[in-house]
Amino acid sequence: MRLLASVALATLVGLAAAHAQIYPSRPITLVVPFPAGGSTDAVARIVAERMRMSLGQPVVIENVGGAGGSIGVGRVARAAPDGYTLDVGQWDTHVGNGATFPLSYDVVKDFEPVALLSSNPFLILAKKTMPADDLKGLIAWLKANPDKASQAIPTAGSHVAGILLQKETGTRFAFVPYRGGGPAMQDLVAGQIDMMIIQAAVALPQVRAGAVKAYAVTASSRFAAAPDIPTVDEAGLPGIHISGWFALFAPKGTPKPIIGKLNAAVVEALADADVRARLATLGQEIFPREQQTPEALAAYHKTEIEKWWPIIKAANIKGE
């Protein structure tokens, strides 16, 4: 019996190894859990295009929006763990949603970490016609006009940042849910929504075009891609520090050799001069090489959950 068991185990190991050796033999689907036009979509397309060169197969973007990104992420959680369905996860989908939505999956246990990609802080924005010209002026206007303003919340991060803004300033304004950053930005530019706090990658093109007002960056130091925008500390609202990050995840149980091939493709992509330049244009800061391993992503993810879940739950923030 032991001999038969050993032979069976050896056969399974051999088959798994053979499968990993020929991987990938067909196109890979990379699920972006938000509509096209947002920061997650932009980062995914830049990295996926370069990964194709390393993997020898197309990496096809599929936008699956809805429920703060949880519909698309849930699809990946249920996918076969064969390396052909992946997820571009980020702070909202793999940290914020875990504390705000009743999910059908576990943001940690149902995924294999592949690699950290990039990060960027949030920007506090308002429509171009907002009377205030700086953050202090915005806060004063909100206090003088309670419950009259509206803030778009395309993601959990936007919602959390908005709650923190209300808590720290004693202001009141309505939250309006959106399916993604792209549609929310369109409405902000059109003046149909008053405010938004969103990852810089979504906002920079409109900020540079003068289509929206940018009051502050949610970080302790100025943003290299937009050095003229003050930090929240400088603008009079210290301590509201929140950054968005992007990472590649695979379904739980994906073989380690496949994770290794995917990680190598990501590392090569992030080292490419053209990729780095395109991400920099979006205000993305690439994680250092030593943080691009699956183990580093797992540790970083754990740290972010431990930091933010107590804050989110204490504020009783719920997904909409």
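In this predicted model, residues 1–5 have pLDDT under 50 throughout and make 0 contacts beyond four places in sequence. Residues 7–11 are likewise below 50 in pLDDT, with 0 contacts in the model beyond near neighbours in sequence. For the chain as a whole, the mean pLDDT is 91, and 93% of residues reach 70 or more.

Helix 3 spans residues 70–78, and its buried residues are Ser 70, Gly 72, Val 73, Gly 74, Val 76 and Ala 77. These buried residues pack against two groups of elements: strands 1 (28–32), 3 (85–90), 4 (111–127) and 9 (243–251), and also helix 4 (91–100).

The model contains 7 aromatic pairs. Two of them are set out below.

| Pair | Centre to centre | Angle between planes | Geometry |
|---|---|---|---|
| Trp 91 and Trp 308 | 5.6 Å | 85 degrees | edge-to-face |
| Phe 287 and Tyr 300 | 5.4 Å | 75 degrees | edge-to-face |

Trp 91 belongs to helix 4 and Trp 308 to helix 12 (residues 294–314); with their positions 217 residues apart, the pair links distant parts of the chain. Trp 91 and Trp 308 are both buried.

Tyr 300 also sits in helix 12, whereas Phe 287 is in the loop between strand 10 (285–286) and that helix, so this pair ties together parts 13 residues apart in sequence. Phe 287 has 8% relative accessibility and counts as buried; Tyr 300, with a relative accessible area of 23%, is partly exposed.

Tyr 105, Phe 111 and Phe 249 make up one aromatic cluster. Elsewhere, Arg 26 lies over the face of Tyr 84, 3.7 Å from the ring centre.

Notes: Residues are numbered from 1 along each chain as its sequence is written. This is a predicted model: local features need pLDDT of at least 70, side-chain atom pairs count only at pLDDT 80 or more; totals for chains, interfaces and linings use all residues. Side-chain values use heavy atoms; hydrogens and water are left out. Buried means under 20% relative accessible area, exposed over 50%, partly exposed in between (1.4 Å probe, protein chains only). Helices (H or I, at least four residues) and strands (E, at least two) are DSSP runs, numbered from the N terminus. Contact means heavy atoms within 4.5 Å. pLDDT is the predictor's confidence in each residue, from 0 to 100. Rings of Phe, Tyr and Trp (its six-membered ring) pair if their centres lie within 6.5 Å; planes under 30 degrees apart count as stacked, over 60 as edge-to-face and the rest as tilted. A charge sits over a ring if NZ of Lys or CZ of Arg is within 6 Å of the ring centre and within 35 degrees of the ring normal.
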